Amino acid sequence: MPPIDITKTAASLKEERERLLHQLAELGSDEQGDLTGELDFGDAFADAGAATAERTETMGFIVNFKTKLDEVEAAITRIQDGTYGVCCACGELIGLDRMEHLPTSTMCIDCKTKSC
Ligand SMILES: [Zn+2]
């Protein structure tokens, strides 16, 4: 376990999860990233092109939020597993600076640089 305040990190990750769930809900999506159908994109008489563009943009936001949500949930799971802060590629501890900067990191900076 890295020398970071894991309780504080877990709390902020859970806050982040709540925030993302809230944003997904506001966009008319459930936590799986599926539209709940409550969002009104305009009826058949509205400008179909604009409605489609708006829908595409909204889906883009939903995908972004869903991706972040998955990362946050994976980080929370790793905290519970005791593997949080350990690089999934080399098994070394991820640098403290990196974990503070990017709490959902799964790889140390060396492995991340190599794999990308
Ligand atoms: Zn590594």
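Two residues are in contact if their C-beta atoms, placed from the backbone, lie within 7 Å. The exercises below use this term, and they concern a predicted model.

**Exercise 1. Find which residues Ile62 touches, leaving out residues up to four places away in sequence, and state which helix holds Ile62.**

Step 1. Ile62 belongs to helix α2.

Step 2. With residues up to four places away set aside, Ile62 touches Leu24, Leu27, Ser29 and Gly33.

Step 3. Take Ser29 from that list: 33 residues separate Ile62 and Ser29 in sequence, while their C-alpha atoms are 7.1 Å apart in space.

**Exercise 2. Classify Ile62, Phe65 and Thr7 as buried, partly exposed or exposed.**

Step 1. Recall the cut-offs: 20 or more other C-beta atoms within 10 Å make a residue buried, 12 or fewer make it exposed, and anything in between makes it partly exposed.

Step 2. Ile62 has 19 C-beta neighbours inside 10 Å, so Ile62 is partly exposed.

Step 3. Phe65 has 21 such neighbours inside 10 Å and therefore counts as buried.

Step 4. Thr7 has 9 C-beta neighbours inside 10 Å, so Thr7 is exposed.

Step 5. For the protein as a whole, buried residues make up 13% of the 116 residues.

**Exercise 3. Describe the helices and strands of the protein, and place Thr7 and Phe65 among them.**

Step 1. Count the elements: there are 4 helices and 0 strands.

Step 2. Along the sequence, the pattern reads α-α-α-α.

Step 3. Thr7 is part of helix α1, and Phe65 is part of helix α2.

**Exercise 4. Determine how α1 and α2 are oriented to each other, and which residues make their contact.**

Step 1. The axes of α1 and α2 come within 9 Å and cross at roughly 155°.

Step 2. Angles over 145 degrees count as roughly antiparallel. The two helices α1 and α2 are therefore roughly antiparallel to each other.

Step 3. The crossing in which α1 passes α2 is left-handed.

Step 4. On the side of α1, the contact is made by Ile6, Thr9, Ala10, Leu13, Lys14, Glu16, Arg17, Leu20, Leu21, Gln23 and Leu24. On the side of α2, it is made by Ile62, Phe65, Lys66, Lys68, Leu69, Val72, Glu73, Ala75, Ile76 and Ile79.

Step 5. Sorted by character, the residues of this contact are 13 nonpolar, 2 polar and 6 charged.

**Exercise 5. List the residues of the largest nonpolar core and say which element gives the largest share.**

Step 1. The largest nonpolar core has 8 residues, namely Leu13, Leu20, Leu24, Phe65, Leu69, Val72, Ala75 and Tyr84.

Step 2. Two or more residues of this core come from each of α1 (6–26) and α2 (48–81).

Step 3. The largest share, 4 residues, is given by α2.

Step 4. Look at Phe65, one of the core residues. Apart from neighbours within four places in sequence, Phe65 is in contact with Leu20, Gln23 and Leu24.

**Exercise 6. Compare separation along the chain with separation in space for Thr7 and Ile79, and for Phe65 and Glu31.**

Step 1. Thr7 and Ile79 lie 72 residues apart in sequence, and their C-alpha atoms are 9.2 Å apart.

Step 2. Phe65 and Glu31 lie 34 residues apart along the chain, with 9.5 Å between their C-alpha atoms.

Step 3. Turn to contacts across the protein: among those between residues at least 6 apart in sequence, 58% join residues at least 24 apart.

Key: Residues numbered from 1 in each chain as written. Predicted model: local features only at pLDDT ≥ 70, side-chain atom pairs only at ≥ 80, totals over all residues. Core = buried A, V, L, I, M, F, W, Y, C linked by C-beta atoms within 7 Å. Axes fitted to C-alpha atoms, helices over the stretch in contact; angles between N-to-C directions. Parallel < 35°, antiparallel > 145°, perpendicular 65-115°, else oblique. Left-handed = near helix turned anticlockwise from the far one by under 90°. Nonpolar A, V, L, I, M, F, W, Y, C, P; charged D, E, K, R; others polar.
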